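This report describes a protein structure for a reader who is new to the subject. It goes from strands to cores, then to the contact between chains and the charged pairs.

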Amino acid sequence: MTTFIEPTPWAMSRVWQAVLGVEVGEDDDFFDDLSGDSLRAVEIVDSVFELFGVELPLQRFLDPLTPRACAADVERRLANGQQP
Amino acid sequence: MGCDGAIDSQEHDGTRRAPALPRLTTTVLVVGVDPFDASAVDTAALSEAEQRRLAAFSNAHLARRFVGQRTALRRILGGVLNVAPAEVAIRRKCYLCGHPTHGKPYLAGREFEFSVAHSADRLAVAISSRPVGIDIEYLGARPSQRQRLVRAMRHQADPEAATEMHALQLWTAKEAASKVSGSGLVKAPPRALLVTPETAWSGAWRRFVCTSDLLPDADIGGEWTQCSPGVVVAVAAAIDGERPKVRALHVPARSLATGAWR
């Protein structure tokens, strides 16, 4: 059985860090602070689905996005019924 | 619709030498930027806005990479315009909202069109007489990461991509195509773009066409190549009569300071 972890800002920053290979703060912006690109966004979307059971739209990463905002988005989607 | 450059004409001082760019030629430069090579970084070349962005970085490596990439871009554009890197007036305009703080970059005065992309420590720049888009992507070295990326690209864009390199080529081509107008993948999700490789090659470049109802240009033509192992670069432009010929250069970042690449 798959277990999902809680989407806290800290957990989300660890997910981003694993993909981007640099230290990630909870309020770092994906493009401006972390120099993210579209493929890294795709990889994070995949990791988020695997860990939290929520599929974020890729387009979410094309606006300013931080781990904190990303975690809140996952939390909201879970509350709205997008269950793992 | 899109970045029509209406705000920039008054900012052009009119004193620059007109660049002698061949018509219907797209020049692609791929630059390896070593953030720790002192000759490749020049903080003084950055604009005020770039200086502010630099000050906001908390990660020292990313900050140096940012300076290296902006230095390289400004040296390239300054070399073509025949002005100092710091004097290159780069503007932005959002395709969707028209705001000048984000969106596709362009030159004040629009002496020529350019597009820029980066991936890790590589920078790719395309310079053309017509609107152009460029993208550069790499898969990464770790097998687990490569597998994850390929699975994700297939899910988001091309389920039928046969190999990991094919998936990367299609993705890079789509992103380059979406950058011609400046819409980016915001307006044109990768699944909505259809990239068809052509049988013709142009040297080491594989030609493709990209079609989508979501892009303002009916048809976009481009070319992709593998510029180093695991790294794909793609360049695209609207098909309007003859296609621009791609001239590609691999340039060490330190040679940009002298303009020797031209």
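## Strands, cores and charged pairs

In chain B, strand β6 (residues 132–138) and β10(B) run antiparallel and are joined by seven bridges. The model that shows this pairing is a predicted one. One pair of facing residues is B:Ile134 and B:Val235, the latter in β10(B).

Strand β10 of chain B covers residues 231–238, and eight of its eight residues are buried. In a regular strand, side chains alternate between the two faces of the sheet. On β10(B), B:Val231, B:Val233, B:Val235 and B:Ala237 point one way, while B:Val232, B:Ala234, B:Ala236 and B:Ala238 point the other way. Both sets are buried.

Strand β9 (residues 219–228) of chain B is also joined to β10(B), by eight bridges, and these two strands run antiparallel. Here B:Ser228 has B:Val231 as its bridge partner. β9(B) and β10(B) make a hairpin with two residues between them. In its turn, B:Gly230 has a positive phi of about 80°.

**The open sheet of chain B**

Chain B has five helices and 11 strands. Four of the strands form an open sheet in the order β4-β5-β1-β11, with mixed pairing. β4 (113–119) and β11 (245–252) of chain B each have a single partner strand, so one side of each lacks a neighbour in the sheet. From one strand to the next, the twist averages 15°.

Strand β1 (residues 25–32) of chain B runs parallel to β11(B), and eight bridges join them. Among these pairs, B:Thr27 is matched with B:Arg247 in β11(B). Helix α2 (residues 60–81) of chain B packs on the sheet and touches β1, β4 and β5 (122–128) of chain B. The direction of helix α2 makes about 25° with that of β5(B).

Outside these strands, B:Ile90 belongs to strand β2 (residues 90–93) of chain B. Leaving aside neighbours within four places in sequence, B:Ile90 is in contact with B:Leu73, B:Arg74, B:Leu77, B:Pro105, B:Tyr106 and B:Phe114. The C-alpha atoms of B:Ile90 and B:Val233 are separated by 23 Å, and the two residues are 143 residues apart along the chain.

**Nonpolar cores**

Of the 262 residues of chain B, 52% count as buried. In soluble globular proteins, nonpolar side chains tend to be buried together. The largest nonpolar core in this model has 62 residues, and A:Trp16 and A:Phe61 have the most contacts inside it. Helix α4 (residues 164–178) of chain B gives the most to this core, with eight residues. A second, separate core has 21 residues, including B:Leu29, B:Ala72, B:Phe112 and B:Phe114.

What does A:Trp16 touch, not counting residues up to four places away in sequence? Among its contacts are A:Val24, A:Phe30, A:Leu34, A:Ile44, A:Phe61 and A:Cys70.

**Between the chains**

Contact between the chains involves 28 residues of chain B and 24 residues of chain A. The two chains bury about 2,100 Å² between them, 48% of it on carbon and sulfur atoms. Five salt bridges are counted between chain B and chain A.

**Salt bridges**

Side chains of opposite charge can pair when their charged atoms come close. Over all chains, the structure holds 17 salt bridges. Four of them are listed here.

| Pair | Closest N to O distance |
|---|---|
| B:Arg148 and A:Asp46 | 3.1 Å |
| A:Arg68 and A:Glu26 | 3.2 Å |
| A:Asp73 and A:Arg76 | 3.8 Å |
| B:Arg74 and B:Glu50 | 2.8 Å |

A:Arg68 and A:Glu26 form a salt bridge. A:Arg68 lies in helix α3 (residues 67–79) of chain A and A:Glu26 in the loop between α1 (9–20) and α2 (38–52), so the pair ties together parts that are 42 residues apart in sequence. A:Arg68 counts as partly exposed because its relative accessibility is 38%. The value for A:Glu26 is 25%, so A:Glu26 counts as partly exposed too.

A:Asp73 and A:Arg76 both lie in helix α3 of chain A, three residues apart, about one turn of the helix. A:Asp73 is buried, with a relative accessible area of 3%, whereas A:Arg76 is partly exposed at 45% relative accessibility.

B:Arg74 and B:Glu50 also form a salt bridge. This pair links helix α2 of chain B, where B:Arg74 lies, to helix α1 (residues 48–56) of chain B, where B:Glu50 lies, and the two are 24 residues apart. Both residues, B:Arg74 and B:Glu50, are buried. Elsewhere, A:Asp46, A:Glu50, B:Arg148 and B:Arg151 are joined into one network by salt bridges that share partners.

Technical notes. Residues numbered from 1 in each chain as written. Chains lettered and ligands numbered in written order. Predicted model: local features only at pLDDT ≥ 70, side-chain atom pairs only at ≥ 80, totals over all residues. Heavy atoms only, no water. Buried < 20%, exposed > 50% of the residue type's maximum accessible area, 1.4 Å probe, protein only. Pairing = 2+ DSSP bridges. Core = buried A, V, L, I, M, F, W, Y, C linked by side-chain atoms within 4.5 Å. Contact = heavy atoms within 4.5 Å. Axes fitted to C-alpha atoms, helices over the stretch in contact; angles between N-to-C directions. Buried area = accessible area lost by both parts, 1.4 Å probe. Salt bridge = Lys/Arg side-chain N within 4 Å of Asp/Glu carboxyl O.
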